Amino acid sequence: MVSKAGGRMTKRVMGSVRAELLKMKHTFLIPFHVAVPVIIAGFMLFYYRGTIGNPMGQTMAYFELIGIGLPFVVSIVCAGNIGLEEQNHFQVFLGNYKVKGKGFVVKGVVLFGMGFLAIFGAAVLFAAGYHFLLGKEGIGMRYVRLTGTLIFGSVPLYLEHLFLNLIFPKTVSQCVGVAQSVVSALFLTGLGEGRWQFFPATWSARGIRYCNDPVNGKRVLFCLLLLFLMCVIIGVWFHKYEGRQCND
């Protein structure tokens, strides 16, 4: 009985994920997740082609650049996805599930999964190109920690920008994304010292700086607690969400 119930639940979840992906089939969103990693990896490999530098320093600079750009990229992705729901005035999004929050969770999981693959792809393309095309020594397993930092730091970005796009027109989210990217860049300097962990948008970029250091348990715990608090606040808000006015 338990296995049958689990099987039915798995089928329902996979069906919801498949439906979400089908919505995006004829949009820019899927090609966008393929093109961006290829472009940024190709650009940075071309830039490093004629330079002499420390492999760790060059690799961290590449990952920091991705971390800076993530807020703006996520804002574009979330705006494009929520724009699909605007076409039917959020009726399918809000009325398709017995449990109201399931639509938000499915959407967040699918977008995060696509982001995960894009970040992973950007890391693999750079690592392979750096070693095989440029003939430079890579940094081995430290790629895993750098990639993991970017992926973890992207989680609050998806929460924030789904939230913003569900309340406001897409331009608000994109303006916030630009501002977050600027702050992420500024917080790589001394301005971010002791402050960056209070600003989830900067976790990806600033967190790269600490990938050579031992794991700071207190810092990680604080980020997890702040992320949990964001989930609770957005979950409570979405429970009362009834859509917003759409411009036809």
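This passage walks through the overall fold of the chain and then through a few of its residues.

The structure is a predicted model, in which local features need pLDDT of at least 70, side-chain atom pairs count only at pLDDT 80 or more, and totals for chains, interfaces and linings use all residues. Residues are numbered from 1 along each chain as its sequence is written, and side-chain values use heavy atoms, with hydrogens and water left out.

A good place to begin is the secondary structure. The chain has nine helices and zero strands, where helices (H or I, at least four residues) and strands (E, at least two) are DSSP runs numbered from the N terminus. Read along the sequence, the pattern is therefore α-α-α-α-α-α-α-α-α. In its overall dimensions, the C-alpha trace spans about 55 × 45 × 35 Å along its principal axes. The radius of gyration, taken over C-alpha atoms, is 19 Å, which agrees with the value near 18 Å that a compact globule of 248 residues would have. That expectation follows the globule rule of 2.2 Å times the number of residues to the power 0.38.

The packing and surface of the chain come next. Of the 248 residues, 41% count as buried; buried means under 20% relative accessible area, exposed means over 50%, and partly exposed lies in between (1.4 Å probe, protein chains only). Contacts, defined by heavy atoms within 4.5 Å, often link distant parts of the sequence: among those between residues at least 6 apart, 79% join residues at least 24 apart. The accessible surface comes to about 13600 Å², and 71% of this area belongs to carbon and sulfur atoms. These areas come from the Shrake-Rupley method with a 1.4 Å probe, and for residues only the protein chains shown count as cover. As for charge, the mean positions of the 23 positive and 10 negative charges are 8 Å apart. Here Lys and Arg count as positive and Asp and Glu as negative, while His and the chain ends are not counted; the place of a charge is NZ of Lys, CZ of Arg, CG of Asp or CD of Glu.

A closer look can start with E20 and N81. E20 lies in helix α1 (residues 2-23), and it counts as buried because its relative accessibility is 2%. N81 belongs to helix α3 (residues 55-86) and is likewise buried, at 0%. The two side chains make a polar contact at 3.2 Å, a polar contact being a pair of N or O atoms within 3.5 Å; within protein, one must be able to donate a hydrogen and the other to accept it, and residues adjacent in sequence count only if both atoms are side-chain atoms. The side chain of N81 also makes a polar contact with the side chain of K107, at 2.7 Å. Leaving out residues up to four places away in sequence, E20 touches N81, E85, V106, K107 and V110, and N81 touches E20, M24, L29, K107 and L111.

M24, one of the residues touched by N81, leads on to the loop between α1 and α2. With 0% relative accessibility, M24 counts as buried. Its C-alpha lies 9.0 Å from that of G80, although 56 residues separate the pair in sequence. Beyond its neighbours within four places, M24 is in contact with L29, I30, N81, L84, V110, L111 and M114. K25 is exposed, with a relative accessible area of 52%. The C-alpha atoms of K25 and E242 are separated by 26 Å, and the two residues are 217 apart along the chain.

The final stop is helix α5 (residues 102-133), where F126 is placed and where A122 is also found. F126 counts as buried at 0% relative accessibility, and A122 is buried with a relative accessible area of 5%. Apart from neighbours within four places in sequence, F126 is in contact with A41, M44, L45, Y48, T59, Y62 and Y143. A122, with residues up to four places away left out, touches P37, A41, Y62 and I66. The C-alpha atoms of A122 and Y62 are 9.8 Å apart, with their places 60 residues apart along the chain. By contrast, 33 Å separates the C-alpha atoms of F126 and C231, which are 105 residues apart along the chain.
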